[in-house]
Amino acid sequence: MITAGVDVGSLSAEAVILSDGALLAAEIIRVRPSPVESSSTVMSRALEVAGLCLDDIDACISTGYGRDNIPFANKSMSEISCHGKGAYWCDASIRTIVDIGGQDCKAITVDENGDLVDFKMNEKCAAGTGRFLEIISKALGVELEALGPLSFQTETPLKIVNRCSVFAEYETLFLLAEGKSIVEIGAGVNEAMAQRAFALAHGLKTDGGFTVTGGVAKNVGVIRSLETLFETEVIKLPVDPQIIGALGAAVLAERLVESQGARE
Amino acid sequence: MEPVPSELKGIEIFQRFLTSFNLFKFALSSFDTAEDLMAAAPELAKSMPAYDVKVFMSFKPDLVAASFHPKNRNVILKAAEAQAEYWQGVIDGLKAGDRKVSDFCFTQGPELFHALGFLPICTATGMAAGSFYRDGCEDAIDLFRSMGFADHYCTVHAAYPGYVLNGNWRVPDVMVKPAAPCVSGNAGYQVLSRKLGVPLVVYDSSYYLTEEGVDHQLAALKRAITRLEKISSSTLDEDVLRAKVEESNRTYALLGELHELRKHKPNPDPGLHRILDILMLVTTLGEPSCTEYFQLIVDEAQARIASGERIIPADKKELRAVHTWAINVYLPEVYHWLEENLGMTYLSCGLSYFIDHQIDTTSVDTMLRGWVQRTMNFPMGRQSISYGDVWVDDMVNLAVDMEADCGIFAGNVACKQAWAISKLMSDKLEDEHDIPSLRFEIECCDKRLCPADEFKQRIESFVEVRL
Amino acid sequence: MTAIGQLIEIAENVSNPFVDQWKQQGGKVVGYTCTYVPEEILHAAGLLPYRLKGIGADGTTRADVLLPKFHCSFSRTLLDQALSKRFGFLDGVVFSTACDQLRRMYDVWKRRMSLQLQTIMVIPHSVDEEDFEWFFDHEVRKLVDDLATSLDAEITLESLVDAIQIYNETRALLGRLYEARAADEPRISGVEAHQLVIAASSMPKPDFNRLLAEALEEIAAREPLPLNRRRARVMVGGSIIDSPDLLRVIEEAGGLVVTDTLCTGSRWFGDPVQLDEPAGDREGALRSVAHRYYHHAPCPRMIMAYDRKWDYSLQQARQGRVDGVVLSLITFCDHHSADNVLIKDDLEAAGVPTLILNREYAMSDMGRFKTRVEAFFERMGR
């Protein structure tokens, strides 16, 4: 059985191909003007890598912002279900996923089969997303990738009090002007980011494996703070966190094939 | 939120307050200055219990420093003594377990609940954590919010359920509140009622601030009393009520005097203790300690008038400010900062504007009627529950009557219903009385919305530009 | 045009030909905001009661000058409608104190608008019978007096009995509509059903009753909705909804909204007025009307009546045989922020999956909502 999943977001598009449960290909591109074009392009790339053509795919599910009207998809599903399923596929002990992307933040819980139990999404603003870290790292004059390790260079992270990322930016500049260390500020920012995600996910978190996905998952400082706040280890996933949605879609497509087969 | 150690289960926040006030008592009676205290601190810490050290380390340094200032220290010490006694009483009472516990919402005086045989604790005292500690009461607020409730609920009323749910504050036998001040304040009570099964007794607050309105609210209160008597298993004790009310009458008379004294130019009453004023009224009203506290404040103010001693530096021109509804609970020390740095004195505000109402102690009925009238007119309750005109007129009258130079309206975001008339108020002040005002958002128990530096900076800019 | 079509057109516009005709014939229109305002009294006084709506608003810029940003967008929209003269057909308004946002908006409204009648009814915070007596003695009598004084509108026993009859007929017809939408094989969508209810509060009830009776026959003659439009049976609750955007999102995701607990839906028309037969006197009839309004399915602001509010939600969910519940929350809506969470927890415990969605009054960025609704359906295995 060969299935595919395609995730068309607002910034990037991903495609994953599974063959009898094994990962054959995973591709990521920047989005094109239309979701149909994005999905077709990324799908073609994945097929090329896998050495397959579209007819070889038994079922395909599309997800993400641009999931509707994808011509080669049999069905579309929410990125929430797909994200949950994708993380579960990587590690079946996982029950809670916190996805901190560039533009939103979600908390997802799944059951012992990886099926969606509940979810919560950040509604309001940049404060709970990767955008917050981008703004602050710029204010600090630090590369985004270098922000995470700062948490390991100090025992005294500074408290960033402002909830709003705009004001937090001012607060950062103010602290810098006062001569506070970039390390302590950076570590404080990582902690503040983790606290926002904690506030979102705290009420939802269930027993079992816990993981973090999305761009911010690459920030080791945030991960460490989350482990402290949630009092649990964050399971590191074996794949690029950006493909989790498409991966989950491909896994869910397997079920589609099975149910169609059962009907036949 | 930090889990509560088993020995402090149900009393953690009360113990924290007790220890805090004991520390303030000790510090203010043993040292002349904050610097002396800090110099002795490392040595002292060695002999103090670890818990006390922990509480001490959690104080806001600016608050401690401001408390030592000669104009503040006596009153702060007086409050600390009274509060230490009060919280010890609460802890002892909870341990004895001989009375049912009623958590009551402020705008109500504790006298009635004592007379009904309860051990009464005011839910608003949770905000004291916001005032004293670096970390405030945001942990309790966040716990409440993490259940899914909106972050625009009044943080005074969000901290309380957070403390109860986490075990810092014992689950009461009943919660009592009038419908005032507002919907935003009511949510937490319904939550605790549903989640913990605590009986919730709410009686209607009158929209009309008239004699008829008093009748209506009194009738509602009497029905509430019938429900409460069943819970406390005792009937209203007229003698206890009378004793408490006679004492609270003395306190209220002093509040009336204090209001008049603040009209003096320059204002002889410093602003640091205002949060403690509310705290005293919702805890010890009806006790001699409350009367003595306000007597001291009145005496000191009168002495300053007589001697010409100012509460602002000699080189500063007095800027007389009327504030608005939320004393920003998390920054009591900022009023001291405003006095010292800007010469800005704190005339009054929506939470310290007490109308002296003497309760007629002839009978239970007259006493209940007077108690209801006080509840109706309690600062902020009065303005919140009724027409917008009441708020606008009250604040404008205050500003004019007290000859304010400006209005500082650091408004509680949760009072979203109140913000609707804030522009009406500031426009009227400016257009009709040439008194400029500054309006900006805070959230009274959550410093993250407007941290201290930003608060100060906004007022500084306003003073520079407008005054 | 079909009766359904006519009613939908009425629901989609802030005013309509029936209101125009009423005005042309010298009639007066009185706006109201809340299910606690006794409409029969307005009707019996010869007035046309009109529930204030945000339909047709183009933002809130005028209101934003006067109301802060963190004031619920529904009340800001209503004020904007008034300031933009879109409510130009109103001769009066009766607000209520049940909602803090609206009551404060009224404080601003009354300074800015100058209709012949501008008043607010004080609604006690409890459902105690004694507080009802106060409400009746004080607020209902005051309303009757205000109508006479400001609008020259008198109420007789006959006009009241007539009003009660007409309104009970409206309620019965809407009850049948809700039965139809919750049938095993529904023939009307939630969007349409909601619009029919909205139309009811925008026009004279006798005309509405006639049109709805026709509409019910039209519905009965339709084919059942196809399965792909009935992926999940949904109940909607939470903050006020007068435009069906949210229901549209749910139904575009394949769900069907079969019932609700909205104050613009079932809570508005449920519970008939119980009048003695024969009717005694005007006083008794007024009291019967007031009693129904005071004790109808309670608004979230009645914090001592959680059990009643919860029972109502569960009862509506069971009667609708729903697969799940969607509760929406307008930002800064205090009432529903509290109730939604508690109701959701209780519904989930009772085996009814529930989703809470945050929105502004005027919905935008529908894709975001669709994702959540779809995820919710997927969660239910639908």
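How many salt bridges are counted between domain 1 of chain B and domain 2 of chain B? The count is 11. That's a handy way into this structure, and the rest of the report goes on from there.

## What you're looking at

First things first: this is a predicted model. For the complex, the predictor gives an ipTM of 0.93 and a pTM of 0.93. Chain C has an average pLDDT of 95, and 100% of its residues score at least 70.

## Two domains in chain B

Let's start inside chain B. It splits into domain 1, covering 6–235, and domain 2, covering 239–466. Going by C-alpha atoms, the centres of these two domains of chain B are 20 Å apart. On the contact side of things, 71 residues of domain 1 of chain B meet 65 residues of domain 2 of chain B.

Together, domain 1 and domain 2 of chain B bury about 5800 Å², and carbon and sulfur atoms give 67% of that. Three residues are worth picking out here: B:Lys71, B:Glu111 and B:Leu209 supply 14% of the area that domain 1 of chain B buries against domain 2 of chain B, more than any other three residues.

## Holding hands across the domains

Back to those 11 salt bridges between domain 1 and domain 2 of chain B. If you'd like a salt bridge to find in the structure, try B:Lys222 with B:Asp365, where the closest N and O atoms are 2.4 Å apart. There are also 25 residue pairs in polar contact between the two domains of chain B, counting pairs with both residues at pLDDT 80 or more.

Which elements of domain 1 of chain B give two or more residues to the side that touches domain 2 of chain B? They are helices H4 (61–68), H5 (70–96), H6 (111–115), H7 (127–132), H8 (138–146), H9 (155–166) and H11 (211–232) of chain B. H5(B) gives the most to this side of domain 1, with 11 residues. Sorted by type, the residues on the side of domain 1 of chain B that touches domain 2 of chain B come out as 37 nonpolar, 21 polar and 13 charged.

## Where chain B meets chain C

Now for the neighbours. Chain B puts 46 residues into its contact with chain C, and chain C puts in 43 residues. About 3900 Å² is buried between chain B and chain C, with 59% of it on carbon and sulfur atoms.

Between chain B and chain C you'll find 8 salt bridges. One of the salt bridges joins the side chains of B:Asp389 and C:Lys110, at 3.1 Å from N to O. Polar contacts between chain B and chain C come to 24 residue pairs, both residues being at pLDDT 80 or more. On the side of chain B that touches chain C, at least two residues each come from helix H10 (183–196), strand E4 (200–203), H11, helix H17 (381–385), helix H18 (388–401) and helix H19 (416–433) of chain B. The residues on that side of chain B divide into 25 nonpolar, 11 polar and 10 charged.

## Where chain A meets chain B

What about chain A? Here 11 residues of chain A are in contact with 13 residues of chain B. Chain A and chain B bury about 930 Å² between them, and 49% of that is on carbon and sulfur atoms.

The interface of chain A and chain B has 0 salt bridges, and the count of residue pairs in polar contact, both at pLDDT 80 or more, is 0 as well. As for residue types, the side of chain A that touches chain B has 4 nonpolar, 3 polar and 4 charged residues.

Key: Residues numbered from 1 in each chain as written. Chains lettered and ligands numbered in written order. Heavy atoms only, no water. Domains from an automatic or database assignment. Contact = heavy atoms within 4.5 Å. Buried area = accessible area lost by both parts, 1.4 Å probe. Salt bridge = Lys/Arg side-chain N within 4 Å of Asp/Glu carboxyl O. Polar contact = N/O pair within 3.5 Å; in protein donor to acceptor, adjacent residues only side chain to side chain. Helix = DSSP H or I, 4+ residues; strand = E, 2+ residues; numbered from the N terminus. Nonpolar A, V, L, I, M, F, W, Y, C, P; charged D, E, K, R; others polar. pLDDT = per-residue confidence, 0-100.
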